[in-house]
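Trainee: Please take one strand of this model and go through it closely, together with the parts that surround it. I would like a single connected account.

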Amino acid sequence: MFFDFHVNENLVEEAERLGYSGVALFKPGENSRINQETVQKSQIKVYHGIKIKAKNPEHMRQSVKRFRKEADVIMVTGGDQKVNRAACEDHRVDILSKPYFKRRDCGINHVIARQAAQNQVAIELNIRHLTTTRPYLHYKILAHFREILKLQRKFGFPLIITSNAQSIYDLHTP
């Protein structure tokens with residue numbers, strides 16, 4: 001069973017054709033409703049997710065509290081060390097996305113990794129970052145991925161690899 005937890009809404013039919021068992025459609029917090037017609041037509045499982053881009057930990061907690069009941073999956077966009085830690089300490093958060101965004105390190109240390117494991121917060125490795133960045137930055141993203149994988153092996157937090165597909169050319173067979 002393969003799921004892609006970060007695709008565009010118009011790719012549900014393509015994911016079904018390629019053999020995915022399900023997808024999660026993410027919208028930014030404010031316009032969080034997905035097209036119910038798309039969900040009803042598909043034969044695969046479609047999850048409703050909300051992506052939260054927090055300015056600070058308090059804003060993240062308020063947003064998670066506000067959207068938790070109406071979403072199947074809550075994803076917090078990381079980057080700031082304080083937001084990364086707050087997301088991993090909150091059991092209501094399902095996925096921490098891009099903990100390394102605009103950082104020189106991977107965005108996760110042993111304390112955050114331990115909290116993610118205790119609260120079952122998955123860390124996302126987004127393949128789109130490799131394909132859309134300039135070639136001379138690929139080594140940096142791969143180094144971040146390698147550090148996250150080392151911490152995952154040591155602490156055992158959930159890890160997901162997503163495509164963040166925006167078109168049919170970004171989505172590949174599982």
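Mentor: Strand β6, residues 122-126, is mostly covered in this predicted model: 5 of its 5 residues are buried. The cover lies on both faces. A122, E124 and N126 are buried on one side, and I123 and L125 are buried on the other. In a regular strand, side chains alternate between the two faces of the sheet.

Two strands pair with β6. Strand β5, residues 95-97, runs parallel to β6 and is joined to it by 3 bridges; within this pairing, L96 has I123 as its bridge partner. Between β5 and β6 the chain passes through helix α5, residues 110-119, and the resulting β-α-β crossover is right-handed. Strand β7, residues 159-162, is also parallel to β6, with 4 bridges between them. I123 has a bridge partner here too, namely L159 of β7.

The crossover helix α5 has I112, A113, A116 and A117 as its buried residues. Seen down the axis of α5, these fall within an arc of 135°, so they line one face of the helix. The general background is that an α-helix has 3.6 residues a turn, so residues three or four places apart point the same way. The buried residues of α5 pack against β6, and also against α4 (81-89) and α7. Both ends of α5 have a local feature. At its start, a side-chain oxygen of N109 comes within 3.1 Å of the backbone nitrogen of V111. Just after its end, Q120 has a positive phi of about 55°.

Helix α7, residues 138-155, also packs on the strand: its buried residues are in contact with β6, as well as with α5, α6 (128-132) and β7. The length of α7 can be checked against its residue count. With 18 residues at 1.5 Å a residue, α7 should span 26 Å, and its end C-alpha atoms are 26 Å apart, which agrees. I141, H144, F145, I148, L151 and F155 are buried in α7. Viewed down the axis of α7, the buried residues fall within an arc of 125°, so they line one face of the helix. The face turned away from that buried side carries Y139, R153 and K154, which are exposed. Just after α7, G156 takes a positive phi of about 80°.

H144 is one of the buried residues of α7. Its relative accessibility is 6%, and H144 counts as buried because the cut-off is under 20%. Apart from neighbours within four places in sequence, H144 is in contact with Y100, R103, R104, D105 and C106.

That leaves helix α6, against which buried residues of α7 also pack. T131 is found in α6. At 61% relative accessibility T131 counts as exposed, because the cut-off for that class is over 50%. A polar atom of the T131 side chain lies 3.1 Å from the backbone oxygen of R128. T131 and S163 are 32 residues apart in sequence, and their C-alpha atoms are 9.8 Å apart in space.

To return to the strand: β6 is buried on both faces, is joined to β5 by 3 bridges and to β7 by 4, and has the buried residues of α5 and of α7 packed against it.

Key: Residues numbered from 1 in each chain as written. Predicted model: local features only at pLDDT ≥ 70, side-chain atom pairs only at ≥ 80, totals over all residues. Heavy atoms only, no water. Buried < 20%, exposed > 50% of the residue type's maximum accessible area, 1.4 Å probe, protein only. Pairing = 2+ DSSP bridges. Right-handed = clockwise from strand over helix to strand, strands pointing away. Expected span 1.5 Å × (residues − 1). Arc of directions from axis to C-beta. Contact = heavy atoms within 4.5 Å. Polar contact = N/O pair within 3.5 Å; in protein donor to acceptor, adjacent residues only side chain to side chain.
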